[in-house]
Structure formats: C-alpha cells, structure tokens
Amino acid sequence: MRRLRRDMERIYDEYGPQMFTCALSVTGCPGLAEDAMHEAFCRGFRLTEVPRNLKAYMFRSVRNAAIDQLRQRKRTRNFSEDYIFACSEDPGELAEQKQFRRRAAEALLKLSRNERETIVQHLYADLTFQEIADLRERSIGTIASWYRRGLIKMKDNMEV
Amino acid sequence: MDDFEAQLKSVPLARPSDEMKKRIFGTGAGRSKFIEALRVRIPVGWAALFALFAGLAGMYLSQWLKGPVAAPSKVVYVQIIKARSDRNPFDFTEPAADFMPGELTGRTETPKEI
C-alpha cells in the first residue's frame with residue numbers, strides 16, 4: 001500500500017487546490033473544506049486496493065466528504081462574499097478586477113447547486129465533462145446542460 | 001472557451017493552507033521518507049541471516065575491544081623419558097619406596113593469548 005500512499009500524495013500535489021475548490025464549492029467554508037479533504041484522504045488511506053482511476057475517486061471522495069461535513073455540522077451553507085476566490089489583500093489590484101471577482105462570486109451563488117458545482121468543477125478544477133459525469137453519476141449531456149445553463153445565467157446576472 | 005469563461009478562469013482561487021499537506025500526510029517530507037524506509041519488508045530468511053551475522057560480528061567486536069576474557073594460566077607439561085617402570089609413575093595412592101629409574105625432564109609453556 002506504499003504505492004497507494006505515494007499515488008495519493010502525487011494527486012494531492014497535482015490537484016490539491018482543485019480538490020479544495022470543489023470542496024469549497026459545496027461547503028462554502030474554507031475550514032470545512034479542509035476538514036472534508038482531510039477526511040477524504042483518510043478514507044483513501046484505508047483502501048485495500050488502488051482504484052482504477054484514483055484521481056476521479058479522490059474528487060468524488062472529497063465531494064462526498066464535503067457533503068458529510070455539512071450534514072454532520074448541521075450547518076446551512078453560509079457562503080463567504082468571495083466564495084471560492086482568493087481574498088486578495090493586494091492594494092495594487094485594480095478596482096475593476098476586484099469588482100469582477102465580487103460579481104462572479106455573487107453570480108455563482110445565485111445558481112442552482114448543480115449548475116454551480118458543475119461550473120466550479122469544469123472551469124476551476126479542470127475536470128472534463130466525462131469526469132464530472134462519472135463523479136456525479138449523471139449523464140454527460142446533463143452535465144453539459146448544467147454547465148451551459150449556468151454560464152448563461154451568470155452572464156445575465158453579471159450583465160456581461 | 002469563450003472570453004467570458006477565460007475571464008472567469010483568470011480570477012485567482014482560494015487555496016488550502018500550507019499546513020494542509022502535513023495534516024493529511026502526517027509529517028514533513030523528510031520524516032515521511034524515514035518512516036517509508038522503516039516500512040520496507042524484508043524476507044524472514046534474510047532477516048535471520050542478518051541477525052546471525054550481526055550477532056557474530058558483535059561477539060568478535062566485543063572480544064576485540066575487551067581483549068581476552070581470562071588471562072591464560074601457565075601450563076606445565078611433564079614428560080617422562082626412558083622411564084621403564086611397571087607401575088604408573090603418577091600413581092601416588094601409596095608411598096613409593098624407590099625413585100623412578102630413568103630421566104625426568106620438565107618444561108613449561110605459556111599458551112599464546114587468544
């Protein structure tokens with residue numbers, strides 16, 4: 001099982017931020033997202049054999065753990081203003097960029113859960129539609145539909 | 001990917017804390033490598049052979065460091081030359097009336113230190 005641990009560490013190094021973004025898109029809270037990631041990897045360490053697609057398995061596990069975190073804490077989503085985006089303290093950041101980030105976060109939060117998660121997973125976590133379909137156990141058409149519909153809603157909300 | 005998607009993607013994302021990896025994988029990279037090294041499985045036969053050689057090496061090393069365990073005592077060899085006698089000359093169970101004929105020579109020899 002040393003191989004499993006090594007592979008999991010490699011996946012963390014390559015996709016850790018994306019997994020965190022996925023978890024954050026569910027929990028809306030960085031602390032809970034980190035707890036979810038920790039729990040997902042602990043579950044992974046207990047595996048007796050290496051899954052065929054470890055990357056997909058870990059993304060699914062992180063998402064499930066994030067949902068569990070919400071259930072266990074009996075918390076309703078209380079998304080921060082920046083949502084999944086970095087809270088920039090850079091004074092040099094243009095007001096226009098700051099404004100765009102805030103509007104994007106607001107627009108994402110107005111979407112349905114499926115649309116929001118799909119956009120985050122595809123656009124920010126770099127998962128393909130097929131990978132998201134496997135992860136969510138839905139058809140690829142449904143995923144593509146959620147994504148397109150979500151983007152259109154965001155454009156309307158942001159008046160782009 | 002259209003311009004809107006590209007613009008959305010350009011927004012920097014929140015990242016997990018620097019402690020996250022240590023929290024998941026337990027320790028820093030250096031120590032985890034040490035633990036990995038400890039987890040290497042060795043066949044029992046090789047382990048037994050290694051333990052045997054280690055024991056022998058330890059034994060010889062301790063002797064080499066401490067020197068001989070006990071100083072050898074001098075050994076006296078007695079050799080009877082031309083002693084024609086019916087009785088055993090070393091039989092002292094009864095007093096002998098006469099001295100043994102022939103020549104009696106003695107030599108001492110100290111064995112070399114082990």
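Where does Glu137(A) lie? Hold that thought for a second while I say what we're looking at: this is a predicted model, so please keep that in mind throughout. Okay, the answer: Glu137(A) sits in the loop between H6 and H7 of chain A.

Is Glu137(A) buried or exposed? Exposed, because it has 7 C-beta neighbours inside 10 Å, and the cut-off for exposed is 12 or fewer. There's also a long-range pairing to point out here. Glu137(A) and Arg60(A) are 77 residues apart in sequence, yet C-alpha to C-alpha they are 9.9 Å apart in space.

Let me zoom out to chain A. You get seven helices and zero strands, so to speak α-α-α-α-α-α-α from the N terminus on. Of its 160 residues, 39% count as buried. And if you take the contacts in chain A with a separation of 6 or more, 71% of them are between residues 24 or more positions apart.

Now, helix H3 of chain A, residues 54–73. It has 20 residues and reaches 28 Å from first C-alpha to last, close to the 28 Å expected at 1.5 Å a residue. Which residues of H3(A) are buried? Here's the list: Tyr57(A), Met58(A), Phe59(A), Ser61(A), Val62(A), Arg63(A), Ala65(A), Ala66(A) and Gln69(A). For anyone who wants the helix geometry refresher, an α-helix has 3.6 residues a turn, so residues three or four places apart point the same way. And what do those buried residues of H3(A) pack against? Three helices of chain A: H1 (2–27), H2 (30–45) and H6 (129–136).

Next up, a helix pair. Helix H5 (residues 113–124) and helix H7 (residues 140–158), both of chain A, pack with their axes 8 Å apart and at an angle of about 95 degrees. That angle makes H5(A) roughly perpendicular to H7(A), because anything from 65 to 115 degrees counts that way. Who makes the contact? On the H5(A) side, it's Asn114(A), Glu115(A), Arg116(A), Thr118(A), Ile119(A) and His122(A). H7(A) brings residues including Trp146(A), Tyr147(A), Arg149(A) and Leu151(A). By class, the contact of H5(A) with H7(A) is a mix: five nonpolar, four polar and four charged residues.

On to chain B. Here we have four helices and two strands, and along the sequence the pattern reads α-α-α-α-β-β. How much of chain B is buried? Just 3% of the 114 residues. For contacts in chain B with a separation of 6 or more, residues 24 or more positions apart account for 49%.

Helix H4 of chain B, residues 44–66, is worth a look. At 1.5 Å a residue its 23 residues should span 33 Å, and the end C-alpha atoms are 33 Å apart, so that agrees. H4(B) is hardly covered, though: the count of buried residues in it is zero.

Last thing, how the two chains meet. How many residues does each chain put into the contact? Chain B gives 18 residues and chain A gives 24 residues. On the chain B side, the elements giving two or more residues are helix H1 (3–9) and helix H2 (20–25). H2(B) supplies the largest share of that side, five residues. And the chemistry of the side of chain B that touches chain A: 10 nonpolar, one polar and seven charged residues.

That's my tour, over to you.

How values were computed:
Residues numbered from 1 in each chain as written. Chains lettered and ligands numbered in written order. Predicted model: local features only at pLDDT ≥ 70, side-chain atom pairs only at ≥ 80, totals over all residues. Contact = placed C-beta atoms within 7 Å. Nonpolar A, V, L, I, M, F, W, Y, C, P; charged D, E, K, R; others polar. Buried ≥ 20, exposed ≤ 12 C-beta atoms within 10 Å, placed from the backbone. Axes fitted to C-alpha atoms, helices over the stretch in contact; angles between N-to-C directions. Parallel < 35°, antiparallel > 145°, perpendicular 65-115°, else oblique. Expected span 1.5 Å × (residues − 1).
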